[in-house]
Amino acid sequence: MDAVQNHSTSRAVSMRKPISPRKLVRYFLLYLLAVALILFAVIPALWVVSASLNPAKSLIGGTFFPAEPSFVNYEELLSSEFFPYAKWFVNSLKIASITTVITVFLTSLAGYALSRFRFQGRRVLMLAILVLNVFPSILAMVAIFSMLQQLGTVIEWIGLDTHAALILLYSTGSMGINVLLVKAYVDSIPVELDESALVDGATPWQTFRHIVFPIMTPIVITIGVLTFIAAYGDFVIARVLLKSSENLTVMVGLQLFQTDRFDQDFGVITAGAVLAAIPIILIYIPLQKYVIDGLTAGSVKG
Amino acid sequence: MNKIAIVIPTRSYLINLAIVGAILIGAMWLITSLFAQGLVPLGSALSAITVFIALIYLRRKFTPLRWLGIGLALAMLFTLYPLFYTLYISVTNMGSGHLMAKQQAINRLESELYLPESGATYSWTAFQSADGASYVLWLIDADGTGYLARPGSPLEAVTPGTGIVGAADENNIPLTLEGYERLPLNRTVPIITQLSAIDFGEAPNTVRVSSLREAAALQPKYRYDAAQDAIIDQETGEIYRPVEGTFTSESGEELPIGYIDYIGARHFQNFLGNEGFREPLLAMLMWNITFAFCSVFFSFCVGLIVTILFENLPGKRVIRALLIIPWPIPVLISILIWRSMLNPDLGFVAPILESIFGSSPDWFSNVGWTRLAVVMVNVWLSYPYFYVITAGAIRSIPGEIYDAALVDGASGWGKFYHVTLPLLLRIMMPLLIASFTFNFNNFNVIYIFNFGLPPMPNTIVPMGYSDILISFVYRLAFVTSNVTNYGLAAAITVLLFLLVAGLVIIQLRFTKALKETA
Amino acid sequence: MKKVVSYLLVLLAGLLLLGVNTAAFAQDTQLTLWIYDDGRLEVLTELGAQFEAEYGVPVVVEVVDLSEIRNAMTLGAASGEGPDMIIIPHDNLGPFVENGAAMPIDLGDSAENYLPSAIDGFTYDGQLYGVPLAVENIGFFRNVDLVPEAPATWAEVEEIGMELLDEGSIDSVIGFPDLTYNIYPVYTSYGGYIFGRDEAGNFTPDDIGMNNEGMVAGLAWVQHLIEEGAVSANIDWEASHVQFETGRSAFIMTGPWAINRFDTAGVPYAISAFPAAEEGGEPGYPFLGVQGLVINANKENAILAQVFAVDFLATEEHYQAIFDAEPRPSAWASIFESATDPNTAGFNAAGINAQPMPSIPAMGFVWDAWVNAGSLVAQGELDPQEALDSAVEQILAQVNG
């Protein structure tokens, strides 16, 4: 924010004078716009929280805030013997965390290499990443399903209905565009830094590990957060691969709740949704600044 | 700047070699197991990947690729392989009745059994040898005669209480058998699968366990004759020859289990050559582009408003913190929330709109309103991202440019229109384009919000007005029917991929041109 | 580079550990049973535990979406993946049989214990492929506070409803959860049907009734109600049920699954036979749905599954337990007949002429086309004849590949 702030505060200081009526009207209109936008942004989130606190079994039109808020829905959600929500929650966190670690590790190496080394096929590789990235993998489900089934006959733990298979799929899927983001970021780090380290006798690995990687923190955190959010939020691939109830993720579970026969328990679904959103928000808030830095640095370099 | 000229110490090279060797041995084991199971395509793909890994880690020439090695290997396995596999499926008849490889189908047919007219049925009790390795059955036929049945030797009619056979219980089943232990029900059932695979008695008059209550002189129904490439029905003598993946008799009778067979470009012809598809697909493509464009455009606009208009407003931190709320909420949850909020009969939005405007739009069955709703939901999901990016991009515009504009006497609007916006657009163009491509295939919003409905009238397969190509194919292939034509679905997938890949390449040209003029 | 490789090793080791952890409980012999709705999850899990106590093999029961069950049964066929047993509505049977995925079942003498119509539902080309658990058909519900006497014709339904609507005591004359399965009796009362039967009694796609006069007349009545504002143009399962249970609609056509929620809501209701098209006409009849257990013939444990399904499950005691857990009419004849409560009697009266839903593969193409035809009429895009003609075209186009 620094540049913008400096710039605008200096202007504000130089032009400080009593608030004119015109400015008042301007402020009023801007606040009106802000309130409208905030309503648009916040109401859905508030609505799901309020619905989760509504003890009534189904939604009845017109009531936004429940008359007698209570935590029954949460109790019901967490006490269900047959739908182990807590287990799903742990599964989701586990899958998303491991995916994040793998993706961050692989993409920082690859992004660094693509930025710093010139080798045959580099341009083709980057083009391939861009093009393959748009392959509609949802539609390749039959192929992925068959492949995992076959792998599973030899190595059981990367077959269908395993977390390992899902993690590998997510890691691969999120590598593509992230590699390019890392590359753009590394491009913006002066190459002289590496060169002087190499001249001092460091190996390329040491240069990367001790010189470049620490500077890459914002992009690494950005990719980590984005990958985590994507892996945690996916339900399409997970739904096809995961079957046994103890293996499901929160998102697949929520979809299960949503099928026809569960409709009457809308309160329970919303309670599940609220709880499911918490980890992401907890991760996002403290890291928000880095994400903004990481994303914008990449985009600005283009 | 290939500066990997530093000498790698021999010891480290040896360690490297050992580790790569270990990985290779593991890979070899995996590959041979796959080949042993007849999974040739996957085995070959893994072989290629292994060779690739070995090359880049052992040859100095490929050193830079080592940094990418594992990632590339994963990408080959989990992205390229499914892509090629999809390509392969698109030229086969894979679908209902054709779900396995030929050998698997043959194995499956050869495992079918039948009871010849002369064949006897028995009730049975299992005995297990002391070492647990072999089993003997005590069979009782319809007349009540008991037999001792061992694998490989003829059935022996024995009276309980003679020889090794102990005295019988009230059901004429011996309580003991020398060297064997009679298995109670709760130990018989867990091994019933193994038992049912054993041929008791001497060929050809063998007896098999066919259910908990029955063992019978079952015979294989089908035999595959490799010489004439045909399945022969052992019961009737009928010969079934393969016709496009289906074993068919002379009279045209077909066996239910067929195999996946090559059929060429037929799916592509059926799809592209079908008059009925063309017009609705064109309409769908138009909407697909509109949807992607509007999503990006409006998200960008809202992001821009948040960045620019609120810049000097007191309290902007709070405003922005609140405005970023939609971002961290998981997409599935967000869409479900919108769905229930907008429900015309149950959501809270309808009564509010009704009290203001006297009526409330039909967000799920009216074409225009549904389309508006999906764009609105999508903008809600993505504007925070655009706000963040825009803020960063504006920060990178040097302050001097503004000062120059101020000197020129540009007004607030003029400054924005003539200075900020063009610069911003140029900086953000690659991201806007990437976002367009992403939204072009944004399955989640379309499918979860309204399954692509409302329906289009008079189409030859069900299509919806809010369907985009990807959701249409998904529905066609995996949801609509219980008789799936995977071959056709794969063919459409390939076409869709070519279309989007084409878009990406055109965009690359476009951005390059933009950069060169800049 | 050394470090890169050691990192890789750590990574691989981590994955291996993860795998060991996941694979640990996949080893022993066990049976998996997939069901598509949760109502019977608890009782089947208990029965599974009983089976384990008696026979030493655990049974894992999972709730899986019906479309995922279909995918797993077909795509899983090649390698023997997928569940050992599934519980499905009988109309899904055809494609499984035609792919060799459903194992023939021999109930022996026990077959006599079942309702003949239930056995009929799971019989395909003369062979039984499932153990029927329950039969169900929808019934005609009315709010007895608002409507004490059951109407005899659809015209009466409309008349009574419109009066209440004009008074302002209701928002919707009748609840339509959908415009297909749940209002099928409207179509049939006018003479509509989906597929006819050939001489052998098997349903055939050659005789398709989807766009006959009766179907059109039925849909025209629905269209008329929507145009009058008697029902919402937004056909929504949940909304129709909520409106009925809050007393805001006078009638609804729905099935036994709604009983629990209506009881919880406390709405006074009665279930009766469906009205007829005209005074003295034949009342409309619903689909008969049979739910049953099908054994996956591609799994090596098929014979073991048969022990569970035929030798263990199929006793009166177990069927009673299933019925008690979720009161859908049992496929076990004596339990079906002994259920004398008014609800069951109401459903039985409504379903007296019920016809099994066709289970031929072509039925798979019917639903989407039919749903679309209904929506198109509800939105006023097409008239009933056009909409149903188009649905037939879609079905035939897909049947013929």
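Accessible areas are computed by the Shrake-Rupley method with a 1.4 Å probe. The structure treated in these exercises is a predicted model.

**Exercise 1.** Determine what share of the accessible surface of chain A belongs to carbon and sulfur atoms.

*Solution.* The accessible surface of chain A amounts to about 12500 Å². Of this area, 67% belongs to carbon and sulfur atoms. As to burial, 58% of the 302 residues in chain A are buried.

**Exercise 2.** Describe the secondary structure of chain A and the sequence range of its contacts.

*Solution.* Chain A contains 13 helices and 0 strands. Next, consider contacts in chain A between residues at least 6 apart in sequence: 71% of them join residues at least 24 apart.

**Exercise 3.** Identify the residues that form the nonpolar surface patch of about 410 Å², and classify A:Leu32 as buried, partly exposed or exposed.

*Solution.* The patch is made by A:Val25, A:Phe28, A:Leu29 and A:Leu32. A:Leu32 lies in helix α2 (residues 21–52) of chain A. Its relative accessible area is 49%. Partly exposed denotes the range between under 20% and over 50%, so A:Leu32 is partly exposed.

**Exercise 4.** Test whether the end-to-end distance of helix α4 (residues 69–89) of chain B agrees with its expected span, and locate its bend.

*Solution.* At 1.5 Å a residue, the 21 residues should span 30 Å. The end C-alpha atoms are 28 Å apart, which agrees. The helix bends by about 35° at B:Met76. B:Tyr88 also belongs to helix α4 of chain B and is partly exposed, with a relative accessible area of 41%. From B:Tyr88 to B:Arg320 the separation is 232 residues in sequence and 50 Å in space, C-alpha to C-alpha.

Conventions:
Residues numbered from 1 in each chain as written. Chains lettered and ligands numbered in written order. Predicted model: local features only at pLDDT ≥ 70, side-chain atom pairs only at ≥ 80, totals over all residues. Heavy atoms only, no water. Helix = DSSP H or I, 4+ residues; strand = E, 2+ residues; numbered from the N terminus. Expected span 1.5 Å × (residues − 1). Bend = angle between axes of the 7 residues up to and from the residue. Patch = residues over 30% accessible without salt bridge, like charges linked within 9 Å, V, L, I, M, F, W, Y side chains within 5 Å. Salt bridge = Lys/Arg side-chain N within 4 Å of Asp/Glu carboxyl O. Buried < 20%, exposed > 50% of the residue type's maximum accessible area, 1.4 Å probe, protein only. Contact = heavy atoms within 4.5 Å.
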